[in-house]
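Good morning, colleagues. Please take a moment to look at the sequence and the model on the screen before I begin.

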Amino acid sequence: MINIQKKVVWYSQLVNLLNVVEIYKKYFKKDNKRQRKSEDTIAYYVGTWYFKDNLNLVRRIDITRNLMITIDDYPIDIKVNKFNKKELLMTDPYGFHLRVNIKNSRPFEFYDEAENTTFRLFVNK
C-alpha cells in the first residue's frame, strides 16, 4: 500500500513538472521569437546616414543597435516610442518627435518635428 502511494505521489509530481515545462516552452519561446523579430527590425535602422540640413550642410546621423542616436557625433537624448519595419518614432527631451522612415529595407527619411522638416537620408557624403 505504501509503495502505491509513493508511486502516485511521484507520478503526480512528474505530471506537475511536465506541465511547468510546457508552460515555460509556450511563453518563453514566444518571447525569443519576439526578441529575434525586434532585433531583425532594429537592423533596418543601424548604420550611418547623411542628410542635408536647411543650410544645405551635410550632416551625419548614426544609429546603433541600442537605438542610440548621434547627429554629427553629438548624442541625442531620445525616448523610443515605437519601431517597426516602416518607422522608428522617438521623442526628444523637449517633447518633439523625431522619426526615421524605412523604404526598401533602409532608412530614407528623417523627420524633425522641432524644425517641422523632413530630410532625405543618403548613404554617402
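Which residue in S3 does Asp62 stand opposite? Asp62 faces Thr70 in S3. I shall return to this pair once the overall picture is in place.

Please note that this is a predicted model. The mean pLDDT of the protein chain is 80, and 69% of its residues reach 70 or more. Confidence is not uniform: helix H1, residues 2-43, has the lowest mean, at 58, whereas S9 has the highest, at 95.

Let us turn to the overall layout. The protein chain contains one helix and nine strands. Read from the N terminus, the order of elements is α-β-β-β-β-β-β-β-β-β. The chain has 125 residues, of which 26% are buried.

I begin with the sheet that holds our opening pair. Four strands form an open sheet in the order S1-S2-S3-S4, and their pairing is antiparallel. Strand S1 (47-52) and strand S4 (74-76) lie at the edges with a single partner strand each, so one side of each has no neighbour in the sheet. From one strand to the next, the twist averages 30 degrees. Within this sheet, strand S2, residues 58-63, and strand S3, residues 69-71, run antiparallel and are joined by three bridges. This is the setting in which Asp62 stands opposite Thr70.

Now to the other sheet. This open sheet has five strands in the order S5-S6-S7-S8-S9, again with antiparallel pairing. Its edges are strand S5 (79-83) and strand S9 (117-120); each has a single partner strand, so one side of each is left without a neighbour in the sheet. Direction ignored, neighbouring strands here are turned by 20 degrees against each other on average.

Let us follow the chain through this sheet. S5 leads into S6 through a hairpin of three residues. S5 and strand S6, residues 87-91, pair in the antiparallel sense over four bridges. Two facing pairs illustrate this: Lys82 has Leu89 as its bridge partner in S6, and Phe83 stands opposite Leu88 in S6.

S6 and S7 also form a hairpin, with five residues between them. In that turn, Gly95 has a positive phi of about 95 degrees. The two strands pair in the antiparallel sense over five bridges, and Leu88 stands opposite Val100 in S7. Further along, strand S7 (residues 97-103) and strand S8 (residues 106-112) run antiparallel and are joined by six bridges. Here, Lys103 stands opposite Arg106 in S8.

Why is S6 described as largely enclosed by the rest of the structure? The reason is that five of the five residues of S6 are buried. Glu87, Leu89 and Thr91 point one way from S6, while Leu88 and Met90 point the other way, and all are buried.

Finally, I come to the largest pocket. How many residues of its lining are nonpolar, and how many are charged? Seven are nonpolar and five are charged, with no polar residues in the lining. The lining includes Phe51, Arg59, Ile71, Asp92, Leu98 and Phe119. The volume of this pocket is about 200 Å³.

To close, the protein chain combines one helix with nine strands. The confidence is lowest in helix H1, a point to keep in mind when viewing the model. Thank you for your attention.

How values were computed
Residues are numbered from 1 along each chain as its sequence is written. This is a predicted model: local features need pLDDT of at least 70, side-chain atom pairs count only at pLDDT 80 or more; totals for chains, interfaces and linings use all residues. Side-chain values use heavy atoms; hydrogens and water are left out. Two strands pair if DSSP finds at least two bridges between them. Axes are lines fitted to C-alpha atoms, for helices over the stretch in contact, and angles run from 0 to 180 degrees between N-to-C directions. On a 1 Å grid over the protein atoms alone, a cavity is a set of points where a 1.4 Å probe fits but cannot get out, and a pocket is an open set with protein on both sides within 12 Å along at least five of seven lines; lining residues have an atom within 4 Å of a point. Grid points are joined across faces, edges and corners, and a volume is the space filled by probe spheres set on the points. Ala, Val, Leu, Ile, Met, Phe, Trp, Tyr, Cys and Pro count as nonpolar, Asp, Glu, Lys and Arg as charged, and the others, Gly among them, as polar. pLDDT is the predictor's confidence in each residue, from 0 to 100. Buried means under 20% relative accessible area, exposed over 50%, partly exposed in between (1.4 Å probe, protein chains only).
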